[in-house]
Amino acid sequence: MEHRRPLRGVAALFLVNGILFGSWLPRLPEIRDRLALGLDEVGLVLAAANIGGLVGSALSGPMVGRLG
(Lines give C-alpha, C1' and ligand atoms only; values in the text may rest on other atoms or scores of the structure.)
Protein backbone atom coordinates (compact mmCIF):
# COMPACT_ATOMS: atom_id res chain seq x y z
CA MET A 1 0.00 0.00 0.00
CA GLU A 2 2.93 2.31 0.67
CA HIS A 3 4.10 2.12 -2.95
CA ARG A 4 0.85 3.71 -4.19
CA ARG A 5 1.54 7.13 -2.67
CA PRO A 6 4.47 7.99 -4.99
CA LEU A 7 2.51 6.58 -7.93
CA ARG A 8 -0.43 8.85 -7.12
CA GLY A 9 1.94 11.81 -6.82
CA VAL A 10 3.38 11.17 -10.27
CA ALA A 11 -0.11 10.71 -11.71
CA ALA A 12 -1.22 14.01 -10.14
CA LEU A 13 1.84 15.75 -11.56
CA PHE A 14 1.08 14.52 -15.08
CA LEU A 15 -2.58 15.47 -14.69
CA VAL A 16 -1.79 19.01 -13.58
CA ASN A 17 0.84 19.43 -16.31
CA GLY A 18 -1.62 18.20 -18.93
CA ILE A 19 -4.35 20.56 -17.77
CA LEU A 20 -2.02 23.55 -17.65
CA PHE A 21 -0.48 22.81 -21.04
CA GLY A 22 -3.88 22.14 -22.57
CA SER A 23 -5.26 25.45 -21.37
CA TRP A 24 -2.12 27.47 -22.20
CA LEU A 25 -1.38 26.22 -25.70
CA PRO A 26 -4.57 27.47 -27.40
CA ARG A 27 -3.92 30.94 -25.96
CA LEU A 28 -0.35 31.05 -27.27
CA PRO A 29 -1.13 33.39 -30.22
CA GLU A 30 -2.91 35.81 -27.89
CA ILE A 31 -0.03 35.72 -25.40
CA ARG A 32 2.48 36.21 -28.21
CA ASP A 33 0.60 39.25 -29.50
CA ARG A 34 0.12 40.73 -26.05
CA LEU A 35 3.87 40.45 -25.32
CA ALA A 36 4.78 41.61 -28.85
CA LEU A 37 6.97 38.58 -29.50
CA GLY A 38 7.99 37.20 -32.86
CA LEU A 39 7.69 33.55 -33.82
CA ASP A 40 11.42 33.02 -33.34
CA GLU A 41 11.28 34.42 -29.80
CA VAL A 42 8.31 32.22 -28.92
CA GLY A 43 10.23 29.24 -30.28
CA LEU A 44 13.22 30.08 -28.10
CA VAL A 45 11.00 30.39 -25.02
CA LEU A 46 9.37 27.03 -25.72
CA ALA A 47 12.74 25.38 -26.36
CA ALA A 48 14.20 26.85 -23.16
CA ALA A 49 11.23 25.57 -21.16
CA ASN A 50 11.68 22.07 -22.58
CA ILE A 51 15.43 22.08 -21.93
CA GLY A 52 14.79 23.30 -18.39
CA GLY A 53 12.35 20.43 -17.87
CA LEU A 54 14.87 17.89 -19.10
CA VAL A 55 17.64 19.28 -16.90
CA GLY A 56 15.29 19.40 -13.92
CA SER A 57 14.25 15.80 -14.51
CA ALA A 58 17.86 14.67 -14.74
CA LEU A 59 18.80 16.49 -11.53
CA SER A 60 15.77 15.50 -9.47
CA GLY A 61 16.91 11.89 -8.91
CA PRO A 62 20.31 12.77 -7.45
CA MET A 63 18.74 15.55 -5.36
CA VAL A 64 16.16 13.20 -3.88
CA GLY A 65 18.91 10.67 -3.20
CA ARG A 66 20.99 13.30 -1.44
CA LEU A 67 18.25 15.18 0.43
CA GLY A 68 15.83 12.35 1.01
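**Exercise 1. A salt bridge and its network**

Which residue forms a salt bridge with arginine 27, and how far apart are the closest N and O atoms? Then determine how the partners are linked further and how exposed they are.

*Solution.* The model is a predicted one.

Step 1. The partner of arginine 27 is glutamate 30, and their closest N and O atoms lie 3.3 Å apart. A salt bridge requires a side-chain nitrogen of Lys or Arg within 4 Å of a carboxyl oxygen of Asp or Glu.

Step 2. Glutamate 30 also forms a salt bridge with arginine 34, where the closest N and O atoms are 3.4 Å apart. Arginine 34 and glutamate 30 are four residues apart in helix H2 (residues 28-34), so about one helical turn separates them.

Step 3. The structure holds three salt bridges. Another of them links arginine 32 with aspartate 33, with 3.4 Å between the closest N and O atoms. Through shared partners, Arg27, Glu30 and Arg34 are joined into one network.

Step 4. For exposure, the limits are under 20% relative accessible area for buried and over 50% for exposed, with partly exposed in between. Glutamate 30, at 37%, is therefore partly exposed, and arginine 27, at 40%, is also partly exposed. Arginine 34 has 65% relative accessibility and therefore counts as exposed. In the pair outside the network, arginine 32 is partly exposed at 24%, whereas aspartate 33 is exposed at 52%.

**Exercise 2. The course of helix H3**

What span should the 29 residues of H3 have at 1.5 Å a residue, and where does H3 bend?

*Solution.*

Step 1. The expected span of a helix is 1.5 Å times one less than its number of residues. For H3 this gives 42 Å.

Step 2. The end C-alpha atoms of H3 are 40 Å apart, which agrees with the expected value.

Step 3. H3 bends by about 30° at serine 60. Proline 62 follows within four residues of that position.

Step 4. Just after H3, glycine 68 adopts a positive phi of about 85°.

**Exercise 3. A nonpolar surface patch**

Which residues make the nonpolar surface patch of about 520 Å²? Locate valine 55 and classify its exposure.

*Solution.*

Step 1. The patch consists of Ile51, Val55, Leu59, Met63 and Leu67.

Step 2. Valine 55 belongs to helix H3, which covers residues 39-67.

Step 3. Valine 55 has a relative accessibility of 45%, and therefore counts as partly exposed.

Step 4. Valine 16 serves as a second case, located in helix H1 (residues 4-24). Its relative accessible area is 45%, so valine 16 is partly exposed. The C-alpha atoms of valine 16 and serine 57 are 16 Å apart, while 41 residues separate the two along the chain.

**Exercise 4. Backbone and confidence**

Where is alanine 36 placed? Describe its backbone and its exposure, and then consider the confidence of the model.

*Solution.*

Step 1. Alanine 36 lies in the loop between H2 and H3.

Step 2. Most residues other than glycine have a negative phi. Alanine 36 nevertheless has a positive phi of about 55°.

Step 3. With 67% relative accessibility, alanine 36 counts as exposed.

Step 4. The mean pLDDT of the protein chain is 90, and 99% of its residues reach 70 or more. Among the elements of the chain, H2 has the highest mean pLDDT, at 94, and H1 the lowest, at 90.

Conventions:
Residues numbered from 1 in each chain as written. Predicted model: local features only at pLDDT ≥ 70, side-chain atom pairs only at ≥ 80, totals over all residues. Heavy atoms only, no water. Patch = residues over 30% accessible without salt bridge, like charges linked within 9 Å, V, L, I, M, F, W, Y side chains within 5 Å. Areas by Shrake-Rupley, 256 points an atom, 1.4 Å probe, with all protein chains shown as cover. Helix = DSSP H or I, 4+ residues; strand = E, 2+ residues; numbered from the N terminus. Buried < 20%, exposed > 50% of the residue type's maximum accessible area, 1.4 Å probe, protein only. pLDDT = per-residue confidence, 0-100. Bend = angle between axes of the 7 residues up to and from the residue.
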